[in-house]
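Biologist: I'm new to this one and would like to learn how to read it. Could you walk me through a few features?

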Amino acid sequence: MAEAGHRIRARHEFRGMRTVEHVFTVPLDHAATGGDAETITVFAREYVAAAHSAEETENLPWLLFLQGGPGGRGNRFGTLGGWSKAAAKDFRILMLDQRGTGLSTPADRNTLPLRGTAARQVAYLEHFRADSIVADAELIRKALGIPYWTIYGQSYGGFCALTYLSFAPEALRQVLITGGLAPLTGPADDVYRATYQRVAARNAEYFSWYPEDWEALERIARHLRSTPETLPDGSPLTVERLQMLGAFLGGNTRVDSLHYLLEDAFTDTSDGPRLSDGFLEQVHGVVSRGSNPLYALMHESIYGQGQATDWAAWRVLDEYPEFRPDAEPLLLTGEMVYPWYFDQDPALRPLREAAGLLAAKNDWKPLYDVRRLAANRVPVAAAVYSDDIYVDRKLSLETAATVRGLQVWETGDFHHDGIADDGEGIFARLLGMAASGRR
């Protein structure tokens, strides 16, 4: 394996913590050989509680946090709070900008076309899945001189944690996972059949709390069918993009904010009622992939193992016509990615052809080693949220049963954003479970 180049960009201290900004040079393709192999950079920020002296810090064990996504950059903490406050008592935290995100070498509508044809873009992007993220982490661990570390995976970060357990378990002291037990086998279709049902139930729950919002949503949809409205980037707000407000349904910490958004939808103008600037601005923040284009590009590929995903969410939609944009009543959608995203979102239009080739790609490498997971010896503790609309409970428990020694804490008290709700409590509970697994 190659070695990672490493430099420290800056150090800072503020609000009870110290940060160190690390930049690593890693191979684009970890299987490539030769001195002229292409490299990219991966950025990571280290967080340490200022209460620890420099000497104490050197003796602290490391915790690698693997962010949700795909395509999400590492968290930027203004202060230590929630799970990070709990973790910083006993760990040095390393927060990755996973390859292609944040301050790592970017992959977006500006940089990807520089690769050339759509086929060349796909040849580049095939190195942006969990297997490459884990290989980056391994080079980083060795560059920092860390014998082994704890990893904490949230959502897609949990998928990456299972990949880590599959291919480099010797580097791991213990593993914590929240809302991120990926299905280890099977087509992406199974994922979307499960999540469409979960999202339908969550719609019903939300509108039982706010029954007046049925009419508010229907009024907006009727308006959009007859009156063009544009978002701040000049792109159209369509009914199907309106359905993307289902992103609010995925967590307890923001679900009620959907009500506040819908109640401010209209304003009176000389041309009659129109959607307000404030409403359109907020909707744009939900439906645009300008800040995380890899999410749309790579989302279905995280389920691809030896077969094409072929726009699975779009195909499975035929089995759930209640989610169509012409259905009445209108339902909000979840983490589904559809081909029309790449027509309607300016941040994605230049990547449309590449997205189609990614959906058709049928030679994805394995992300998990089921036999190795069945023989696992690393303590693993995972929170499974009973009503999670993004990572299905049943599929999660099937995975948990496959990983030897994995302890599950199932709870209905939280949704996918549990660590934003009570991160300190959830982290402490999982850490205690993992510790008991080492005895």
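**Reading contacts, cores and pockets**

Modeller: Let's start with a single residue: once neighbours within four places in sequence are set aside, Leu-367 is in contact with Arg-129, Ala-130, Asp-131, Thr-163, Ser-166, Phe-167, Ile-302, Gly-304 and Gln-305. Keep in mind that this is a predicted model.

Biologist: Where is Leu-367 found, and is Leu-367 buried or exposed?

Modeller: Find the loop between α14 (352-360) and α15 (370-374), and you'll find Leu-367. Buried means under 20% relative accessible area, so Leu-367, at 2%, counts as buried. For a sense of distance, take Leu-261: it is 106 residues from Leu-367 along the chain, and their C-alpha atoms are separated by 39 Å.

Biologist: Can we try another residue the same way? What is Asp-388 in contact with?

Modeller: Leaving out neighbours within four places in sequence, Asp-388 is in contact with Gly-179, Arg-198, His-415 and His-416. Asp-388 sits in the loop between β10 (380-385) and α16 (393-402). With a relative accessible area of 1%, Asp-388 is buried. The C-alpha atoms of Asp-388 and Thr-19 are separated by 33 Å, with the two positions 369 residues apart along the chain.

Biologist: Now let's zoom out. Which domains is the chain divided into?

Modeller: There's domain 1 (5-184 + 368-437) and domain 2 (188-360). Their centres, taken over C-alpha atoms, are 28 Å apart. The contact involves 39 residues of domain 1 and 38 of domain 2.

Biologist: How many residues does the largest nonpolar core have?

Modeller: The largest nonpolar core has 119 residues, and Trp-149, Tyr-164, Tyr-192, Tyr-196, Leu-245, Phe-279 and Leu-297 have the most contacts inside it. Helix α6 (residues 188-209) gives the most to this core, contributing 8 residues. Both domain 1 (5-184 + 368-437) and domain 2 (188-360) give residues to this core, so it lies between them. Apart from it there is another core, of 28 residues, including Ala-87, Leu-176, Ala-383 and Ile-419.

Biologist: What is Tyr-196 in contact with?

Modeller: Beyond its neighbours within four places in sequence, Tyr-196 is in contact with Ala-313, Val-316, Leu-317, Tyr-320, Phe-323, Met-336 and Tyr-338.

Biologist: Next, empty space. How much lies in the largest pocket?

Modeller: About 1100 Å³. The largest pocket is lined by 36 residues, and Gly-68, Gly-69, Arg-254, Asn-292 and Glu-335 are the closest to its centre. By class, the lining has 12 nonpolar, 18 polar and 6 charged residues. Look at who supplies the lining, too: domain 1 (5-184 + 368-437) and domain 2 (188-360) each give at least three residues. Helices α10 (277-287) and α17 (418-437) each supply at least two.

Biologist: And the cavities? What lines the largest cavity?

Modeller: The count is 6 cavities of 30 Å³ or more, and about 90 Å³ of space lies in the largest cavity. Its lining is made of Ala-296, Leu-297, Glu-300, Ser-301, Thr-309, Trp-311, Val-337, Phe-342, Ala-355, Leu-358 and Ala-359. The largest share of that lining, 3 residues, comes from α14. Sorted by class, the lining of the largest cavity has 8 nonpolar, 2 polar and 1 charged residues.

Key: Residues numbered from 1 in each chain as written. Predicted model: local features only at pLDDT ≥ 70, side-chain atom pairs only at ≥ 80, totals over all residues. Heavy atoms only, no water. Helix = DSSP H or I, 4+ residues; strand = E, 2+ residues; numbered from the N terminus. Buried < 20%, exposed > 50% of the residue type's maximum accessible area, 1.4 Å probe, protein only. Contact = heavy atoms within 4.5 Å. Core = buried A, V, L, I, M, F, W, Y, C linked by side-chain atoms within 4.5 Å. Domains from an automatic or database assignment. 1 Å grid on protein atoms, 1.4 Å probe; cavity = no way out; pocket = protein on both sides within 12 Å on 5 of 7 lines; lining within 4 Å. Points joined across faces, edges and corners; volume = space filled by probe spheres on them. Nonpolar A, V, L, I, M, F, W, Y, C, P; charged D, E, K, R; others polar.
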